[in-house]
Amino acid sequence: MSTALVREAQGVGLATQSHYVIKRKAFAFLERIFRVYTGDGQMFMYVQHPVMKLREEFMVYSDESKATALLKVKSRQALAINFSYDVEDVVTGKQLGAVEKKGLKSIIRDKFIITDANGAEIGYAEEQGNSVLRRIFKFLTSKHAIFVGDQQVAFVKQNFKWFAKEWEVDLQPSQMDPRFVLAVALLALIADARRQDR
C-alpha cells in the first residue's frame, strides 16, 4: 500500500473516534497553538491561530509538519459583533458548515450558532456551568456543549493544569463530520482564550 493511502486510511480511523484531547501551552503571546490528539495519544489536528490579525483565517493541519491541511477556517468579517466563520474541507473544497458567535449574548455566556453548508441553522454550541464566575476568576475551568437539534453531539471539559491547558472532547454518534464538530470546539476555545488573555 502506498504512503498516501496509508495516511488516508490512518486519517479516516482517527476521525471516527469518540474521545479527543486538546492541549495548549498556558502562556503564548504572538500565537495560540492547539494540538488535538485521539484518546490513545495520536495527533489528529494542529492549529496555529494568529493573534495579531484583523480578519481571522487559519488552517487546521494533520500534524506539526503542516504538510497536510485538513480544514480552512475563515471569518467573513474583519470587524463585527457577531462573527461568522466558514469551515471548509481543504481537500475537496467543500464547505462543511459555518459557526456564528453571538456577540451580545456571549457577554455572560459564550454561544455560537451552527449552520450547515447551505446556511441553514442546525444547532449551537454553548458555554456551560457558572460562566459569570469564570469571567471574574480566570483560573476556573471551562465547559462547552455542542448540540444539533435537541441532541448533544459533543461535550468539551477543561482539566485543571498548572502550566498548560487541556480539554477532553467526547463526541456522540451524529450525522455531523467529526472534523467539523472539533472545529466548532476549537472556535469556542479560541474565543475563550481571547477573553482570558486580555
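Here are some short exercises on the structure above, each with a worked solution.

This is a predicted model, in which local features need pLDDT of at least 70, side-chain atom pairs count only at pLDDT 80 or more, and totals for chains, interfaces and linings use all residues. Residues are numbered from 1 along each chain as its sequence is written, and side-chain values use heavy atoms, with hydrogens and water left out.

**Exercise 1: The overall picture**

Find how many helices and strands the chain has, and what percentage of its residues is buried.

*Solution.*
- Step 1. Helices (H or I, at least four residues) and strands (E, at least two) are DSSP runs, numbered from the N terminus. The chain has 3 helices and 12 strands.
- Step 2. Buried means under 20% relative accessible area, exposed means over 50%, and partly exposed lies in between (1.4 Å probe, protein chains only). Of the 198 residues in the chain, 43% are buried.
- Step 3. Now for the surface: accessible areas come from the Shrake-Rupley method with a 1.4 Å probe, and for residues only the protein chains shown count as cover. The chain exposes about 10,700 Å², with 55% of it supplied by carbon and sulfur atoms.

**Exercise 2: The barrel**

Work out in which order the strands close into a barrel, and look at how some neighbours are joined.

*Solution.*
- Step 1. Strands of a sheet pair through backbone hydrogen bonds, either parallel or antiparallel. Two strands are taken to pair if DSSP finds at least two bridges between them.
- Step 2. The 12 strands close into a barrel in the order S1-S2-S3-S4-S5-S6-S7-S8-S9-S10-S11-S12, with antiparallel pairing. On average, neighbouring strands of this sheet are turned by 20° against each other, direction ignored (the axes are lines fitted to C-alpha atoms).
- Step 3. Strand S2 (residues 31-38) and strand S3 (residues 43-50) are joined by 7 bridges. S3 is joined to strand S4 (residues 57-61) by 2 bridges.
- Step 4. Follow one residue across: Val 47 in S3 is the bridge partner of Phe 34, and Val 60 in S4 is the bridge partner of Val 47.
- Step 5. Further round, 5 bridges join S5 to S6, and 5 bridges join S6 to S7. Here Ser 75 has Tyr 85 in S6 as its bridge partner, while Asp 86 stands opposite Ala 98 in S7.

**Exercise 3: Turns and loops**

Locate three residues with a positive phi: Gly 41, Gly 93 and Lys 66.

*Solution.*
- Step 1. S2 and S3 form a hairpin with 4 residues between them, and Gly 41 in that turn has a positive phi of about 95°.
- Step 2. The hairpin of S6 and S7 has 5 residues between the strands, and Gly 93 there takes a positive phi near 75°.
- Step 3. Lys 66 is not a glycine, yet it has a positive phi of about 60°. Look for Lys 66 in the loop between S4 and strand S5 (69-75).

**Exercise 4: Buried or exposed?**

Sort Lys 66, Thr 115 and Val 91 by their relative accessibility.

*Solution.*
- Step 1. Lys 66 has 37% relative accessibility, so it counts as partly exposed.
- Step 2. Thr 115, in strand S8 (residues 111-115), is at 14% and therefore counts as buried.
- Step 3. Val 91 lies in the loop between strand S6 (84-89) and strand S7 (95-101). At 69%, Val 91 counts as exposed.

**Exercise 5: Phe 34 and the core**

Describe the surroundings of Phe 34, then find which element gives the most to the largest nonpolar core.

*Solution.*
- Step 1. Phe 34 is found in strand S2 and is buried, with a relative accessible area of 0%.
- Step 2. Contact means heavy atoms within 4.5 Å. Leaving aside neighbours within four places in sequence, the contacts of Phe 34 include Ile 22, Trp 167 and Leu 186.
- Step 3. A nonpolar core is a set of buried Ala, Val, Leu, Ile, Met, Phe, Trp, Tyr and Cys residues joined through side-chain atoms within 4.5 Å. The largest one has 40 residues, and Phe 34 and Phe 180 are among those with the most contacts inside it. Helix H3 gives the most to this core, with 12 residues.
- Step 4. H3 is mostly covered, as 17 of its 19 residues are buried. In soluble globular proteins, nonpolar side chains tend to be buried together.

Notes. Axes are lines fitted to C-alpha atoms, for helices over the stretch in contact, and angles run from 0 to 180 degrees between N-to-C directions.
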